[in-house]
Amino acid sequence: MTQEPNIPKAILAKAQRLAPVFEDYFPKGSIKMGGGTILQARWQHRISTDADFFVFPQEFNKVVGERGGELESSIYALSGVNTHRSWVELTAIYCEMDGIELTVMPSEPLFRESSGHVVPGTGIETETSATILSKKIIHRMVQAGSVEVRDLYDVFASISFDSHALERALAPIRAEQLAEIVALLKVVPESWLADTTKPLIGVDSPPSHSELALKVCDFLQRRIDRLLGR
């Protein structure tokens, strides 16, 4: 395994502080770091201000169900942790450390594959770009319909930075589901970018909503056409 480069220093420091707690409670290899933070580390397309970790559901449920209180106490004991904004629940583990949010969630990835990288100074592996994108598309765009600007921008950026990863992320998704995403993006109002509580950070010249939606919709439509043999 090689170290994942370019993880923001502030986030990396918190992940390194949390890693020993993770290693005490979760089986080796069961927890991975993913989300937009890892994509931005690879593509440098925006700035991420939080960290997402994912654990296989079976391991997550066992640890939280049997040792949740103990785990919470271990997190509270770490320096910089805001105990009023950190807790362990059956659905997720939340930790705010020195103003940075770190979240651990149960997740069954579509692709059980190795990225070949770990978070520097830890034994925590990072997720592949295809895995990260698949979660953003399936959980935010297909199942929940609660896509955030940052999710759409990550998919938008992947077309230029790693279209192969995007194609792999889309592979399990049916043509009808992709069509639903296209329909959703076409009716989102222009004001959506300004109304979000999670704006893009570190993008010098952010594209307009219409630019974002058009590029993503065009990419998805081409895949729909291939799937339907058009």
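## Reading rings, helices and contacts

Q: Which ring has the charged end of R168 over it, and at what distance from the centre?
A: The charged end of R168 sits over the ring of F111, 4.6 Å from the ring centre. The rule here takes NZ of Lys or CZ of Arg within 6 Å of the ring centre and within 35 degrees of the ring normal. K215 is another case, lying over the face of F156 at 4.8 Å from the ring centre.

Q: What kind of model is this, and how are the residues numbered?
A: This is a predicted model, with local features needing pLDDT of at least 70 and side-chain atom pairs counting only at pLDDT 80 or more, while totals for chains, interfaces and linings use all residues. Residues are numbered from 1 along each chain as its sequence is written, and side-chain values use heavy atoms, with hydrogens and water left out.

Q: How many aromatic pairs are there?
A: Rings of Phe, Tyr and Trp (its six-membered ring) pair if their centres lie within 6.5 Å; planes under 30 degrees apart are stacked, over 60 edge-to-face, and the rest tilted. That rule gives 5 aromatic pairs. One of them is stacked: W43 with F161, at 5.8 Å centre to centre and 5° between the planes. W43 is in helix 2 (residues 35-43) and F161 is in helix 5 (residues 149-161), so this pair ties together parts that are 118 residues apart in sequence. Helices here are DSSP runs (H or I, at least four residues), as are strands (E, at least two), numbered from the N terminus.

Q: Are W43 and F161 buried or exposed?
A: Call a residue buried under 20% relative accessible area, exposed over 50% and partly exposed in between (1.4 Å probe, protein chains only). W43 is buried at 8%, while F161 is partly exposed at 47%.

Q: Which residues form an aromatic cluster?
A: F22, F26 and F53 make up one cluster.

Q: How many disulfides does the structure hold?
A: A disulfide is a covalent bond between the sulfur atoms of two cysteines. The test used here is a pair of cysteine sulfur atoms within 2.5 Å, and the count is 0. As for cysteines, C95 is buried with a relative accessible area of 4%, and C217 is buried too, at 6%.

Q: What does the span of helix 3 come to, set against a straight helix?
A: The expected span is 1.5 Å times one less than the number of residues. For 20 residues that would be 28 Å, but helix 3 (residues 57-76) spans only 23 Å between its end C-alpha atoms. There's also a kink of about 90° in helix 3, centred on R67. A bend at a residue is the angle between axes fitted to the seven residues ending there and the seven starting there.

Q: Which residues of helix 3 are buried, and what covers them?
A: An α-helix has 3.6 residues a turn, so residues three or four places apart point the same way. In helix 3 the buried ones are F60, V63, V64, G68, L71 and I75. Their cover includes helix 1 (9-25), strand 3 (51-55), strand 4 (87-88), strand 5 (93-97) and strand 6 (100-106).

Q: Where does a positive phi turn up in a residue other than glycine?
A: Try Q44, with phi near 55°. Q44 sits in the loop between helix 2 and strand 3 and is exposed, at 53% relative accessibility. D98 has phi near 50°, in the loop between strand 5 and strand 6. D98 is partly exposed at 47%.

Q: What do Q40 and A41 touch?
A: Contact means heavy atoms within 4.5 Å. Q40, in helix 2, is buried at 5%. Setting aside neighbours within four places in sequence, Q40 is in contact with N6, I7, P8, H45, R46, I47 and S48. A41 belongs to helix 2 as well and is buried at 1%. Not counting residues up to four places away in sequence, A41 touches P5, N6 and I7. The C-alpha atoms of A41 and P8 are separated by 7.3 Å, though the two are 33 residues apart along the chain.

Q: What about K9 and R223: buried or exposed?
A: K9, in helix 1, is exposed at 77%. Its C-alpha atom is separated from that of E23, 14 residues apart along the chain, by 21 Å. R223, in helix 9 (residues 209-227), is buried at 12%. Leaving out neighbours within four places in sequence, R223 is in contact with E167, L170, A171 and L178.
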